Amino acid sequence: MSLSVPQHILDALTDVPMPRLKREPDASELRDVAGFAIPVFRFESLVIGSGAAGLRAAVEMKRRDVDVAIISQSAWGGTSACSGSDKQTLHTANTKDQGDDFHEMAAALRAGGAMDEDTAYIEAVGSIRAMASLQYLGLPLPQDKLGGTLRYQTDHDEVGRATSCGPRTSRLMVKVLAEEALRLDVPFFNQTTAVKVLTTGSGDQKHVTGVLTTRPKASTEQNPYGLTLYECESLVFAAGGPGEMYRDSVFPNGCFGSLGLALETGLELVNLTESQFGIGTPREGFPWNLSGTYVQVIPHIYSVDADGQEHHFLAEYYRSTQEMASNIFRKGYQWPFHASRMLNFKSSLVDLAIYRESQKGRQVFLDFNRNLLPVPGDQEFHLERLDPDVRDYLSRSGADQDRPIERLRHLNPLAIELYKRYKVDITTDPLECAVNNQHMNGGIAVDSWGRTNISGIYAVGEAAGTHGATRPGGSALNAGQVFGTRVAEHIAAYDRAWTPLNSEQSFQTQAAVSDLITLLNADSPISMSDVRRSVQDRMSDHAGILCYPEDVKRAHHDARELSLEIRKKGISLGRNAEAGRILQWQQMALASEAVLAALEYYIDHNGGSRGARAICDPIGTSVPQASSGPLADVRFRPERAEDMQSQILVRLVDDALVISTRANRGFDASSKSVFERDWPTWLTGGVFDLPSDP
């Protein structure tokens, strides 16, 4: 992208208006439940979440004549619509200059370990269909003049399978999918928060029957919390990740996800030890990941202490100006923190240095109007004095301008325009940054069709724990599109008959309402702000990029005590309209307890350091080096190969979290399909692995 791009094109790629919602349908009935007059809606299927994955599932179900509706806490307010960085890329398996191999792509997707082999292959094969269908809907993915998809290299990607419409790619995806959903008349219930999933039966016979929600606009004197019931035969969790779990987070505000809700439902969660952390701007302003060209133009990075004194702190870590500059550049496609990249003066040493400055109470800034200051005693920064891979990239891109801001304007003017939309002008002012939590790689455990351990319940997108320990940037978007389609195909094939209300379901609805009312306790000494502060501080301080075993153990204990206290006393309710948010914080406390429980289990079983976190240990064999010598306080355990072959499962049983493990699902790469043999399996629906008596 060059300076010649007209302003109106830049505006269209950064200001992406979303469609207006249609009028909601009327309730089927008004039902008395535990003294509350509750509106009831009935649909064959229900999707929780209005991001790219949830919309894909709803659109594909509607196309297959499934009566489906979407409920959303905040339409167009989730991660897909509001976030960026790895969310701006979509992996492709077709290019002009060279083909791709599905097996090789699957191997790259699961290379970080703790990922099922069949899932990786499904995502690789499905990527072509996902991209082509998005283009059909109007997503302007870039092409060359011969129709090949333009692509580039991103994190954990040595081939260069990513493509992008700019920083708003995922928002553009949401836009075209939302327009299609509205065109197909998919009912959409906004400002609707799922707080309880209803099921019938037990064990293997357990099946979803509905979702209890809070809707402030449905509040009445007979229903002060706006409780609303959605009865359904299938349910898709697509509410994104637990962005509010961390104080230091680059998630948009108000992203709670649904992991606590899933645990309370009896769903199994997987890989909760795996997240992504990296540098980004604080969420108090405009939260955004600082990957790609933001760091590839090599801005000056410095910190400021409480007295206003500026510190060139990276010079205390790297041995030369060239080494420091080259590794700042590499953060562009090595954005997520990775423990092993702290070693040998690699790129995650930048993350560690920034994290340690923040721990000192200092603010860290990127200055695009200054070139990187040199390491004291070394040569000045110069574009000719960079490592060969960095120098060649900038040279091929024509990024030989004098200052970082000029190089950024040449390489990616959209990066400048994006911050201007939020009243931050990086052409004149430095940009504050910190190491933030950005993505939950774990989530609800699903099979190769997106099914959970409870019949009728599915999970897609960031809500599903399909991403493994590390993954190439952008593959999460692709996974949501691929599995959104597969879930829709499976639900449509199931064609389960509507089950009329019975006495068991009626009792469970009554019990669910009673449970919620107990938690909404006006006399509770526990406030919502208390829970938020406790959860976020604990997770950011003890479950970030550096984890010390004793700290994690203590944090897990404290998180368990908080969850127990909430169960006993509830959370103080000030206004009825806060009911949904209070219940979300109760569930977030449970979700954070589950993350810490899994992390403690992993550490206690000698788990080592990988993508999300360094497991610091005095007897660890890996020691990051700074220019002044070893960083002994960050000595850590290396990852063990055997841990890459399994996944940690967490489940709530009788108010206690139960931890177990399972091996990654395998995949026979040598297996070949045969048309004549396999076509009948498709025609008869055998591929969907349906129950014998649905």
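## Two loop residues with positive phi

Ala114 is buried, at a relative accessible area of 1% (buried means under 20% relative accessible area, exposed over 50%, and partly exposed in between, with a 1.4 Å probe and protein chains only). Its backbone is worth a look too: phi of Ala114 is near 55°, a positive value in a residue other than glycine. For context, most residues other than glycine have a negative phi. Ala114 sits in the loop between helix 4 (102–109) and helix 5 (117–137); helices (H or I, at least four residues) and strands (E, at least two) are DSSP runs, numbered from the N terminus.

Lys423 also has a positive phi, near 65°, but Lys423 counts as exposed, at 79% relative accessibility. You'll find Lys423 in the loop between helix 13 and strand 18.

## About the model

This is a predicted model, in which local features need pLDDT of at least 70 and side-chain atom pairs count only at pLDDT 80 or more, while totals for chains, interfaces and linings use all residues. Residues are numbered from 1 along each chain as its sequence is written, and side-chain values use heavy atoms, with hydrogens and water left out.

## Strand 10 and its neighbours

Strand 10 (residues 227–231) is mostly covered, with 5 of its 5 residues buried. Leu227, Leu229 and Glu231 point one way, Thr228 and Tyr230 the other, and all are buried. That fits the usual picture: in a regular strand the side chains alternate between the two faces of the sheet.

Now for the pairing (two strands pair if DSSP finds at least two bridges between them). Strand 2 (residues 36–42) pairs with strand 10 in the parallel sense over 3 bridges, and Arg42 stands opposite Glu231. Strand 9 (residues 207–214) pairs with strand 10 in the antiparallel sense over 5 bridges; here Val211 stands opposite Tyr230.

## Strands 15, 17 and 18, with helix 12

Strand 17 (residues 363–371) runs antiparallel to strand 15 (residues 299–304), joined by 6 bridges. One pair to look up is Ser303 with its bridge partner Val364 in strand 17. Strand 17 also pairs with strand 18 (residues 431–440), again in the antiparallel sense, over 3 bridges, and Leu366 stands opposite Leu431 in strand 18.

Helix 12 (residues 404–411) is mostly covered, with 6 of its 8 residues buried: Pro404, Ile405, Arg407, Leu408, His410 and Leu411. These buried residues pack against strand 15 and strand 17, as well as helix 8 (293–296), helix 11 (388–396) and helix 13 (413–420); contact means heavy atoms within 4.5 Å.

## An open sheet

Strands 19, 12, 25 and 26 form an open sheet in the order 19-12-25-26, with antiparallel pairing. Its edge strands are strand 19 (443–444) and strand 26 (656–663), each pairing on one side only. Strand 25 (residues 646–653) is joined to strand 26 by 8 bridges, and the bridge partner of Leu649 in strand 26 is Ser660.

## Cavities

How many cavities of 30 Å³ or more does the structure hold? There are 7 cavities of that size, and the largest has a volume of about 60 Å³. A cavity is a set of points, on a 1 Å grid over the protein atoms alone, where a 1.4 Å probe fits but cannot get out, and lining residues have an atom within 4 Å of a point. The volume is the space filled by probe spheres set on the points, which are joined across faces, edges and corners.

Residues lining the largest cavity include Thr273, Glu274, Leu599, Tyr602 and Arg610.

Notes: 1 Å grid on protein atoms, 1.4 Å probe; cavity = no way out; pocket = protein on both sides within 12 Å on 5 of 7 lines; lining within 4 Å.
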